[in-house]
Amino acid sequence: MYGKSSAEILKEVRKHIENGTYILREHAIERQKERNIKLPDVLYVLNFGRHEKDKDSFDVKHQNWKHSIRGKTVNGLDLRVIVAFYQKLAIITVMRVGGKK
């Protein structure tokens, strides 16, 4: 996905969310519980958030790019969601931004 525009990355993320072709990695599930972040909030940010290209990173172990999507939930919670594209969209982790992590 590296080299693609933010619009193309967001389009692909939203396509996976719409089609239900996403998976939550164990790490993301643990962080959601730890940080009291609900799945509907994560999905909302993925659907309506923006791509933070400067936060993207290459995962050498998995030979894949991780992308950062940031946005606010319906209740105004500022979240960053890290995702990667495989056959499905992998939701790797989720964190609060600018406050309690």
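Which residue's side chain meets that of Arg70 in a salt bridge? It is Glu52, with 3.5 Å from N to O. Keep in mind while you look around that this is a predicted model. Arg70 lies in strand S4 (residues 64-72), while Glu52 sits in the loop between strand S2 (50-51) and strand S3 (57-59), so the pair ties together parts that are 18 residues apart in sequence. Both Arg70 and Glu52 are buried.

Arg70 has another acidic partner. Asp78 also makes a salt bridge with Arg70, and here the closest N and O atoms are 2.6 Å apart. Asp78 is buried, just as Arg70 is.

Stay in strand S4 for a moment, because Ser68 is found there too and its relative accessibility of 0% makes it count as buried. The side chain of Ser68 has a polar contact of 2.8 Å with the side chain of Glu52, the residue that also bridges to Arg70. Another polar contact, at 3.5 Å, joins the side chains of Ser68 and Arg80. If you leave out residues up to four places away in sequence, Ser68 touches Arg50, His51, Glu52, Lys55, Asp56, Arg80, Val81 and Ile82.

Now over to the helices. Leu10 is part of helix H1 (residues 6-19), and with 11% relative accessibility it counts as buried. What does Leu10 touch, not counting residues up to four places away in sequence? The answer is Gly49, Arg50, His51 and Ile69. For His51 you can put a backbone number on it: the C-alpha atoms of Leu10 and His51 are separated by 6.8 Å, although the two residues are 41 apart along the chain. Arg50 and His51 turn up among the contacts of Ser68 as well.

Back to charges: the structure holds 7 salt bridges in total. One of them joins Arg35 and Glu34, with 3.7 Å between the closest N and O atoms. These partners sit in unlike surroundings: Arg35 is buried because its relative accessible area is 16%, under the 20% cut-off, whereas Glu34 counts as exposed because its 55% is over the 50% mark.

How many aromatic pairs are there? The count comes to 2. Tyr44 and Phe48 have ring centres 4.6 Å apart and planes at 40 degrees, so this pair is tilted. Both residues lie in helix H3, 4 residues apart, or about one turn of the helix. Tyr44 counts as partly exposed at 31% relative accessibility, and Phe48 counts as exposed at 58%. The other pair is Phe58 with Trp65, which is edge-to-face, with 5.3 Å from centre to centre and 65 degrees between the planes. Phe58 is partly exposed, at 37% relative accessibility.

The tilted pair leads on to the surface. Together with Val74, Tyr44 and Phe48 make a nonpolar surface patch of about 330 Å². Tyr44 belongs to helix H3, which spans residues 39-48. Why can Tyr44 be part of the patch at all? Patch residues need over 30% relative accessible area, and Tyr44 has 31%, so it passes that cut-off.

Note on methods. Residues are numbered from 1 along each chain as its sequence is written. This is a predicted model: local features need pLDDT of at least 70, side-chain atom pairs count only at pLDDT 80 or more; totals for chains, interfaces and linings use all residues. Side-chain values use heavy atoms; hydrogens and water are left out. Patches are made of residues with over 30% relative accessible area and no salt bridge: like charges are joined within 9 Å, nonpolar side chains (Val, Leu, Ile, Met, Phe, Trp, Tyr) within 5 Å. Accessible areas come from the Shrake-Rupley method with a 1.4 Å probe; for residues, only the protein chains shown count as cover. A salt bridge is a side-chain nitrogen of Lys or Arg within 4 Å of a carboxyl oxygen of Asp or Glu. Helices (H or I, at least four residues) and strands (E, at least two) are DSSP runs, numbered from the N terminus. Buried means under 20% relative accessible area, exposed over 50%, partly exposed in between (1.4 Å probe, protein chains only). A polar contact is a pair of N or O atoms within 3.5 Å; within protein, one must be able to donate a hydrogen and the other to accept it, and residues adjacent in sequence count only if both atoms are side-chain atoms. Contact means heavy atoms within 4.5 Å. Rings of Phe, Tyr and Trp (its six-membered ring) pair if their centres lie within 6.5 Å; planes under 30 degrees apart count as stacked, over 60 as edge-to-face and the rest as tilted.
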